[in-house]
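Me: I'm new to this structure and would like a close look at one small part of it. Please start from a single residue and then lead me outward.

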Amino acid sequence: MSAKAISEQTGKEFLYKYICTTAAVQNRFRYATVTSETDWERLTQDHPWLQTEQLVVKPDQLIKRRGKLGLVGVDLDLQGVQEWLKPRLMRETTVGKAKGILKNFLIEPFVPHSQEEEFYVCIYATREGDYVLFHHEGGMDVGDVDSKAQRLLVGVDEKLTEGAVTEQLLAHVPDEKKQVLASFIVGLFNLYEDLYFTYLEINPLVVTEEGVYVLDMAAKIDATADFICKPKWGDVEFPPPFGREAYPEEAYIADLDAKSGASLKLTLLNPRGRIWTMVAGGGASVVYSDTICDLGGVDELANYGEYSGAPSEQQTYDYAKTILSLMTREKHPDGKVLIIGGSIANFTNVAATFKGIVRAIKDYQGPLKEHEVTIFVRRGGPNYQEGLRVMGEVGKTTGIPIHVFGTETHMTAIVGMALGHRPIPNQPPVAAHTANFLLNSSSSAATPATTRTASFSEHKLANDVTPAKKAKPGVPAASSLYHSWPMKNMFIASVQAKATTLFSNHTKSIVWGMQTRAVQGMLDFDYVCSREEPSVAAMVYPFTGDHKQKFYWGHKEILLPVYKNMAEAMKKHPEVDVLISFASLRSAYDSTVETMQYPQIHTIAIIAEGIPEALTRKLIKTADEKGVTIIGPATVGGIKPGCFKIGNTGGMLDNILASKLYRPGSVAYVSRSGGMSNELNNIISRTTDGVYEGVAIGGDRYPGSTFMDHVLRYQDTPGVKMIVVLGEIGGTEEYKICEGVKEGRITKPVVCWCIGTCATMFSSEVQFGHAGACANQASETAVSKNKALREAGVFVPKSFDELGDVIRSVYDDLVANGVIIPAQEVPPPTVPMDYSWARELGLIRKPASFMTSICDERGQELIYAGMPITEVFKEEMGLGGVLGLLWFQRRLPRYACQFIEMCLMVTADHGPAVSGAHNTIVCARAGKDLVSSLTSGLLTIGDRFGGALDAAAKQFSKAFDSGMLPMEFVNKMKKDGKLIMGIGHRVKSINNPDMRVQILKDFVKQHFPATQLLDYALDVEKITTSKKPNLILNVDGLIGVAFVDLLRTCGGFTRDEADEFVEIGALNGIFVLGRSMGFIGHYLDQKRLKQGLYRHPWDDISYVLPEHMSM
């Protein structure tokens, strides 16, 4: 969502902080907030003016017309304010349809003034620019400002001047106030632009001799501009509409959404309701809400929400468990229903997201059965059969009634079933997996020849293109170029004509972004459409150097060039005229502006969601000037069967084939929603001869191209025989279609339905999934638009449920009248399935190249030996605990973890003279990097230096386990001529003990359950030190034998497991890990001291050469 309302306090704070004007703005920052928890004594200390001035008090909860509702207390002292608040604070009140609690109030100084000093000013955004409205009579009786106010349009990228304000807005203002008002309005407009407001209204604006007073203010800002405005905005709180409480669960989902690349939305409408939804897709979520309300379920509809954009299994689980938790808190006498619906996904792996939902259902199976919940599921898209199978299975295993349907069932049919309006069919079993018909039966790897007539969209001469019916006089004749359809009284910039035909089967594109999956999908589509060449000529990715990327063309592997910058790509590929931009919301604007510098580009698809509206409008203006068609932002793209598809549009090949998108039909459509466009592909393929072209213009308020832009293209394209439009609540674009039909510019049959009809039934405003899906006035509601379209002669169904029936009826009439002659169906060439996808579907199996049992990074969070990383920190396991998980796959006792950490501490370093440290230092001084220097030191570790832990553990264990007495062990080793590993030290002795050994020995004796091997080693030490005082049990030896005692006695290992860890070298790992800390320390020390290249001195080298032998 982009435009979000802010509180009056937030709006005024922005204004007081950042407005730049010569007008004297009074009462800056003089406001106080009151809630039920307010400490009045503290409040008066913070705002001493509360006790000395007359005051105004009013609720600050997005309530309109507060004055007329008696919700403003005027000219009161502090005691009067407190008395005024008593019957109102924390009391329920009704505003329109909405009932809510008054809980947040604003107190400001009272400004004495006359009616003549009150003015009205408002700035709001439209597609063509920002309108400034001004009326010389402000206040609560201002009336219909739309008809009374003076109006000035400031076009996109234009500046507002004081001269223009004075001339066009202030005609009825006294001369002495014109300068002040002109300066203030210009300053206000600049603030509005700089802080990305989308709406800003001040009523009344009071101008006295002292200056300007902002009395009441209402505002919205573009929340998507947070990444630009964060330094000025700070942390903005967006209050919910009056009448709807802010629930912690909504905040939790909003937080998940903010942290995810996917879209997750939740609005609670009636937590006690019996009808709950969990719908995939912004457009689909609106359609399901519409259908529930149409069937009489508005009072029982508990929530609105959607998940889309390929959320992970964990994200879907978190979303699902939130909804299941909410719906199982309070019982309903009729039980409850959960509708898990969605359109046909373009790229989301349905099975993966359903796994998250299934996990949640299993976790909540008890409460779900207790609350008599019945679940209805309908979904399509990649791997949907597996998803439906898994969902059906969980119903059988848990005993929860779950009814599962796929693409063979109309999208909203499950709503009628859930609400008891239609019977629940015994559906046929679905296929076990997706795309089982894609495998090629032919052994030929060659590109197949074209097996059908060419697409309607082949290049044609401009004079071949004629409208289906003769246009009315005064309407320009259709050509291969079209102009945007103008609205009355609309400012028209100089625009360049745009192409009617955006895509053909020769279209070449550049893809911005490393979207290999989307590109492969485009190439597979090209292949199945029998294109001669791939539609993707190159990719642009600024974060790597120029290189080649491997893709499949049918059976063959091909290379596509990837360029670091756009200029190089355009230079090398002059045939390209389409750019598909997967740039992020932060970089999409800049990359699109750069692209439009190249005249070869005629069409740009912008996939990113969340581009600020002000930037989108600048793109639209530039595109209009250059004759470029923009599809998006916030879109999946579009598709022209048999010719070209944008990115992930149309889904995977199984859906391309099922919806017959590999060849052109006769029906063209335009939709806002990407997911719903795929649903239209399905509906149209089942009710007609198929899709000719389809475009999803995107869900933002200002899409780059409009419904009318594409409808006019379709009108002027001979291959299109009928047009389908899926409109939406918000905006007025659909009225242009009414105008076009009435005036005869559109003569082909148009079937249209506007989604969002449920909005008028809700008591408070609901922002739907798309940023533009919000009605700001009655004419923008879906109900009003559908009525107007029907009256204009457009075919409008009674509901989305009947859309397919109306399309079929119109199509059948066209066939009956000979306008459409259905072509004979020709099977497309088969395309091999990708190995990775075939494996995902369970069609094939292969042994893995690697196996791991200690760590899994694939889910929502890192897992160490089965333990989530959050649990590791919650349990304060420390480094020893982590090492236990990763090395031994065990959660070791606390004393064992402490012992491991102590071992690492005592082995961390032993001075610069030892071989490992010496090597590290020499390497560092030779100018090598840290990793090389560390490796040099580590390579010295072995039996002679540091590597005695394993050997000591093995020698002592073998002797102890064989029953040898300590003396027998010493004698045997001497007889065999072997050193006893872990015994002896060059410096330390029985008289000069090693404190490291003493510390570890004391800890082991105090905390280990048993120390048999350590005791044995200490007995050996008594014998060896009696012969020579430095033959002590050293650090290596003590750690080695103590670790064996730990493994054998801590209770976590069998004897065989303990011995295996010793055998495979686990103990030496302790020394390697510990000493690495010291080696790194020596490296950093040498670099810090800036030591030069080391050369060993000659006087420390004994040169022993063979003597010269004379003949």
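Does Ala 219 count as buried or exposed, and at what relative accessibility?

Reply: Happy to help! A quick word on the model comes before the tour. This is a predicted model, where local features need pLDDT of at least 70 and side-chain atom pairs count only at pLDDT 80 or more, while totals for chains, interfaces and linings use all residues. Residues are numbered from 1 along each chain as its sequence is written, and side-chain values use heavy atoms, with hydrogens and water left out.

Now to your residue. Ala 219 counts as buried, because its relative accessibility is 8%. Buried here means under 20% relative accessible area, exposed means over 50%, and partly exposed lies in between, using a 1.4 Å probe and protein chains only. Ala 219 is found in strand S13. Helices (H or I, at least four residues) and strands (E, at least two) are DSSP runs, numbered from the N terminus.

Setting aside neighbours within four places in sequence, Ala 219 is in contact with Lys 4, Ala 5, Ile 6, Phe 197, Tyr 199 and Leu 200; contact means heavy atoms within 4.5 Å. Another residue to find is Cys 122: it sits 97 residues from Ala 219 along the chain, yet their C-alpha atoms are separated by 9.5 Å.

Next, look at the strand beside S13. Strand S13 covers residues 217–222 and is joined to S11 by 5 bridges, the two running antiparallel. Two strands pair if DSSP finds at least two bridges between them. Across this pairing, Tyr 199 stands opposite Lys 220 in S13. S11 itself spans residues 197–207 and is mostly covered, with 9 of its 11 residues buried.

S11 has further pairings to trace. It pairs with strand S8 (residues 118–126) in the antiparallel sense over 6 bridges, and there Glu 118 has Val 206 of S11 as its bridge partner. With strand S12 (residues 212–214), S11 pairs over 3 bridges, again antiparallel; Val 207 stands opposite Val 212 in S12. S11 and S12 form a hairpin with 4 residues between them, and in that turn Gly 211 has a positive phi of about 150 degrees.

From here, you can step along the chain to another sheet. This open sheet has 7 strands in the order S24-S25-S23-S22-S26-S27-S28, with mixed pairing. Strand S24 (547–553) and strand S28 (629–631) stand at its edges with a single partner strand each, so one side of each has no neighbour in the sheet. On average, neighbouring strands of this sheet are turned by 25 degrees against each other, direction ignored. Axes are lines fitted to C-alpha atoms, for helices over the stretch in contact, and angles run from 0 to 180 degrees between N-to-C directions. Within this sheet, strand S22 (residues 509–512) and strand S26 (residues 578–581) run parallel, joined by 4 bridges. One bridge partner in S26 is Val 578, which goes with Ser 509.

A helix belongs to this picture too. H15 lies across S22, strand S23 (536–540), S24, strand S25 (556–563) and S26, running at about 40 degrees to S24. Helix H15 (residues 516–528) has 13 residues and reaches 18 Å from its first C-alpha to its last, close to the 18 Å expected at 1.5 Å a residue; the expected span is 1.5 Å times one less than the number of residues. H15 is mostly covered, since 10 of its 13 residues are buried, among them Met 522, Leu 523 and Phe 525. After H15 comes Ser 530, with a positive phi near 60 degrees.

One more buried residue is worth a visit. Thr 595 lies in helix H17 (residues 588–595) and counts as buried because its relative accessibility is 0%. Not counting residues up to four places away in sequence, Thr 595 touches Met 566, Met 570, Leu 579, Ile 601 and Ile 604.

Finally, a record offers a label for a stretch of the chain. In an unreviewed entry, UniProt lists residues 502–611 as "domain: CoA-binding"; its positions use the numbering given here, feature names are shortened, and annotations may be inferred rather than shown by experiment. The span 502–611 is 25% helix and 29% strand, and its end C-alpha atoms lie 24 Å apart.
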